[in-house]
Amino acid sequence: MALYLLLKTGPSQGSSVLIQDGLIIGRRGMGKLRLKDEKASSKHAKIESGELSGFILTDLDSKNGVWSHGKQVKQLNLIPGTQFEIGTTVFEVTESQEATPSSLTPKKSGKRWNEYLASFLRQNLFNFSNETKELTPFRPALVLDFLRGPQTETRWILGYGPRKVGRLSPDLPIFEEQASDISFEIFSAPDGLSIRPVGSEVLLNGKPLSTEVLKVGDRIQIYGTEIEVDFTE
């Protein structure tokens with residue numbers, strides 16, 4: 001699946017750029033990613049392929065940082081619907097080169113980006129095990145902000161599930177050497193988006209994790225890694 005960066009503001013507003021490994025964004029960026037913006041650094045951020053799949057945006061120690069949903073982030077997973085700001089320029093990740101802000105949410109069905117992503121993954125996701133699970137959209141999408149640990153200032157925005165998090169997870173890896181291969185799973189439940197332990201090392205708000213519904217402000221801890229829970233539309 002090809003992904004594009006849609007420029008929602010700035011001199012190149014409405015144009016899009018194919019996301020590729022090694023792209024540089026900034027005042028000395030590449031092509032349309034060369035920003036005429038005093039608040040952007042010369043080399044502000046870089047896009048790289050993830051270790052397992054997809055692309056990751058990394059802040060190159062810029063002066064004003066990279067922002068997503070009102071928070072400054074060091075790294076950001078680029079999936080359809082992800083938005084971030086560099087200087088005064090707003091970017092959005094889309095699946096279509098011709099995408100426009102008004103076309104990202106279809107009017108007739110009212111579906112959101114995470115529902116379309118879940119639909120796509122049902123048909124195309126490589127199955128890392130022999131088990132088959134029905135993917136469902138997370139409404140609202142789950143935001144996980146890394147506050148401490150090797151992935152500090154990383155943000156995950158999760159629009160579908162279930163999702164597995166752990167040291168050897170092919171889905172969402174945690175960079176903690178002592179963590180279990182799979183530490184916990186996030187899934188939709190009748191009462192709301194929920195978390196259940198797989199490993200024994202996971203704490204939620206300082207207490208051993210049991211299966212619970214996630215709330216804004218919850219803190220997930222795996223050894224030296226601490227993650228804060230939030231939600232976004």
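This report walks through a predicted model of a protein chain, from its overall make-up down to a few unusual backbone spots.

**Overall picture**

Strands dominate the listing here: the secondary structure of the protein chain comes to one helix and 21 strands. The chain has 233 residues, and 42% of them count as buried. As for surface, the accessible area of the chain adds up to about 12200 Å², with 48% of that belonging to carbon and sulfur atoms. If you look at contacts between residues at least 6 apart in sequence, 40% of them join residues at least 24 apart.

**Aspartate 230 and its surroundings**

Which strand holds aspartate 230? That residue sits in strand 21, which runs over residues 225–232. Aspartate 230 counts as partly exposed because its relative accessible area is 23%, and the buried class is kept for values under 20%. Leaving aside residues up to four places away in sequence, aspartate 230 touches Lys71, Ala141, Leu142, Val143 and Val216. There's also a second aspartate to look at: aspartate 145 is 85 residues away from aspartate 230 in sequence, yet the C-alpha to C-alpha distance between the two is 7.9 Å.

**Backbone oddities**

Most residues other than glycine have a negative phi, and most peptide bonds are trans. With that in mind, four spots in this chain deserve a look.

Start with the cis peptide bonds. One joins arginine 139 to proline 140, with omega at about 0 degrees. Proline 140 belongs to strand 11, residues 136–148. Another cis bond links glycine 161 and proline 162, and here omega is about 10 degrees. Proline 162 lies in a loop, between strand 12 (154–161) and strand 13 (163–166).

Then there are the positive phi values. Where does histidine 69 sit? Its place is the loop between strand 6 (66–68) and strand 7 (71–73). Phi of histidine 69 is near 55 degrees, positive even though the residue is not a glycine. Asparagine 205 likewise has a positive phi, about 55 degrees, without being a glycine. Its home is the loop between strand 17 (202–204) and strand 18 (207–208).

How exposed are these residues? Here are the relative accessibilities, with aspartate 230 added to the list.

| Residue | Relative accessibility | Class |
|---|---|---|
| Aspartate 230 | 23% | partly exposed |
| Histidine 69 | 43% | partly exposed |
| Asparagine 205 | 41% | partly exposed |

Histidine 69 lands in the partly exposed class because its relative accessibility is 43%, whereas the exposed class starts over 50%. Asparagine 205, at 41%, is partly exposed too.

Note on methods
Residues are numbered from 1 along each chain as its sequence is written. This is a predicted model: local features need pLDDT of at least 70, side-chain atom pairs count only at pLDDT 80 or more; totals for chains, interfaces and linings use all residues. Side-chain values use heavy atoms; hydrogens and water are left out. Helices (H or I, at least four residues) and strands (E, at least two) are DSSP runs, numbered from the N terminus. Buried means under 20% relative accessible area, exposed over 50%, partly exposed in between (1.4 Å probe, protein chains only). Contact means heavy atoms within 4.5 Å. Accessible areas come from the Shrake-Rupley method with a 1.4 Å probe; for residues, only the protein chains shown count as cover.
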